[in-house]
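Q: I would like to learn how to read a structure like this one, feature by feature. Could we go through it together?

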Amino acid sequence: MKLASLKEGGRDGTLVVVSWDLAKAVRVPSIAPTLQSALDRWSEVEVPLKDTFHKLDTGRLDDQAFPFDPAACAAPLPRAYQWADGSAYVNHVELVRKARGAEMPASFWTDPLMYQGGSDRFIGPRDPIELADESWGCDFESEVAVVTDDVPMGVTPDEAVRHIKLVMLVNDVSLRNLIPGELAKGFGFFQSKPASAFSPVAGNPDALGDVWDGRKVRMPLRNFVNGTLFGEPNAGVDMTFDFAQLIAHAARTRHLGAGTVIGSGTVSNRDRSTGSSCIAEQRMLETIDRGEPSTPFLRWGDRVRIEMLDDHGINLFGTIDQEVVRYSR
């Protein structure tokens, strides 16, 4: 099944079930008013939601359905109790360090990197990226993310698989020129990580078919900047830590509440012909090859598009399509 949240009914939006082809949707107030409320009672609502999805997809709810409009959507979870972003594609981390002449610790290949980001206000798939200062180095980061139910502390990766309830895409916006100063303080990201945007739709693993192998999505993630293809690395290739491992890492010393969002980090392949999922990686490759970067970071008026199509051209999660706009109070 596929789920989305409309920008109506309050901060947490209104939950709708969306057809496979993203053409139509239906509200489900008798099952759950919001996605968070559904996740809180997932064992009770999963079957009714799936049943609604199948009825919608087969035309049995056409009298209740309406055209699905991604522009009317908030993030599937407009706000979440927890947003933990990993760095599962260690190839990307290796490039970052190589570009600045630093060796990568061997532990990075066995112990995932992860930070806890702001989750009180996610932005929708068509919402603008608000940027107050172009000198901050605004960048997009195309990722895959999963949403869990309640996860017990100390869960193993094999056990964690059962706690993955939804899959979606994310643009984890980064302000690259603010990152070095923050990391130098030794306390992690904050100002350099503004609000993240998510795909219009989150799909349960069953809806993804063979694209989902139980631990990762095995399809290219397509990224465009101003209408030009920037990269399409395969999210199922070179993923050093799969989602089961990332969840187990996050839950090593704490319980994870229903609605926890776990990000993959920037999707990156060793095969350079697939391009990149962020500007910083392209700039790293330019620095390694030519001694300095040439691709600029995003400026006001630039547009980013992120999507994932299956082998039949079906848009699995809908498209993230954002313009960078000048922010002033």
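A: Happily. Let us begin with contact, which means heavy atoms within 4.5 Å. Please keep in mind throughout that this is a predicted model.

Q: Which residues does Ser 264 touch, not counting residues up to four places away in sequence?
A: Ser 264 touches Asp 85, Gly 86, Ser 87, Ala 88 and Tyr 89, and also Glu 143, Val 144, Met 239, Phe 243 and Leu 246. Ser 264 itself sits in the loop between strand S16 (261–263) and helix H8 (279–290).

Q: Is Ser 264 buried or exposed?
A: The idea here is a cut-off: buried means under 20% relative accessible area, exposed over 50%, and partly exposed in between. Ser 264 has 0% relative accessibility, so it counts as buried.

Q: Let me step back to the whole chain. What does its secondary structure come to?
A: There are 8 helices and 18 strands.

Q: How does the radius of gyration of the chain agree with that of a compact globule?
A: The way to read it is to set the value beside the one expected for the chain length. A compact globule of 329 residues would have a radius of gyration near 20 Å, and the chain, at 19 Å, agrees with that. Along the principal axes, the C-alpha atoms fill a box of roughly 60 × 45 × 40 Å.

Q: How many of the residues are buried, as a percentage?
A: Of the 329 residues in the chain, 55% are buried. The accessible surface comes to about 14,400 Å², and carbon and sulfur atoms account for 48% of that area.

Q: What share of the contacts joins residues 24 or more positions apart?
A: Among contacts with a separation of 6 or more, such pairs make up 73%.

Q: And how many charged side chains are there?
A: The chain carries 35 positive and 46 negative side chains, and the centres of these two sets are 3 Å apart.

Q: How many disulfides does the structure hold?
A: The test is the distance between cysteine sulfur atoms, with a cut-off of 2.5 Å. The structure holds 0 disulfides. Take Cys 138, which is in no disulfide: the nearest cysteine sulfur belongs to Cys 278 and is 12 Å away. Cys 138 counts as buried because its relative accessibility is 1%. Cys 73 counts as buried too, at 1% relative accessibility.

Q: Now for helices. What general idea helps in reading them?
A: An α-helix has 3.6 residues a turn, so residues three or four places apart point the same way. Burial, though, is read residue by residue.

Q: Why is helix H7 described as largely enclosed by the rest of the structure?
A: Helix H7 (residues 243–250) has 8 residues and 6 of them are buried, so the helix is largely enclosed by the rest of the structure. The buried ones are Phe 243, Ala 244, Leu 246, Ile 247, Ala 248 and Ala 250. These residues pack against strand S6 (114–116), strand S9 (142–148), helix H4 (157–160), strand S10 (164–171) and S16. Two residues of this list, Phe 243 and Leu 246, are also among those that Ser 264 touches.

Q: Where is Leu 56, and what does Leu 56 touch?
A: Leu 56 is in helix H2 (residues 42–57). At 0% relative accessibility, Leu 56 counts as buried. Beyond four places in sequence, Leu 56 touches Val 17, Val 18, Ser 19, Lys 24, Ala 25, Val 26, Leu 61 and Ala 65.

Q: And what about Gln 36?
A: Gln 36 belongs to helix H1 (residues 35–40). Its relative accessibility is 10%, so Gln 36 counts as buried. Leaving aside neighbours within four places in sequence, Gln 36 is in contact with Leu 77, Tyr 81, Ala 258 and Gly 259.

Q: Which phi value should I note for Asn 226?
A: Asn 226 is not a glycine, yet has a positive phi of about 55 degrees. Asn 226 lies in the loop between strand S14 (222–225) and strand S15 (228–231), and is partly exposed, with a relative accessible area of 45%. Asp 238 also has a positive phi, near 65 degrees. The place of Asp 238 is in the loop between S15 and H7, and Asp 238 is partly exposed at 30%.

Q: How far apart are Arg 329 and Ala 132 in sequence and in space?
A: Sequence separation and distance in space are read side by side. Arg 329 and Ala 132 are 197 residues apart in sequence and 9.2 Å apart in space, C-alpha to C-alpha. Arg 329 lies in the segment after strand S18 (320–326) and is exposed, with a relative accessible area of 90%.

Conventions: Residues numbered from 1 in each chain as written. Predicted model: local features only at pLDDT ≥ 70, side-chain atom pairs only at ≥ 80, totals over all residues. Heavy atoms only, no water. Helix = DSSP H or I, 4+ residues; strand = E, 2+ residues; numbered from the N terminus. Rg over C-alpha atoms; globule rule 2.2 N^0.38 Å. Buried < 20%, exposed > 50% of the residue type's maximum accessible area, 1.4 Å probe, protein only. Areas by Shrake-Rupley, 256 points an atom, 1.4 Å probe, with all protein chains shown as cover. Lys, Arg positive; Asp, Glu negative; His and termini not counted. Charge placed at Lys NZ, Arg CZ, Asp CG, Glu CD.
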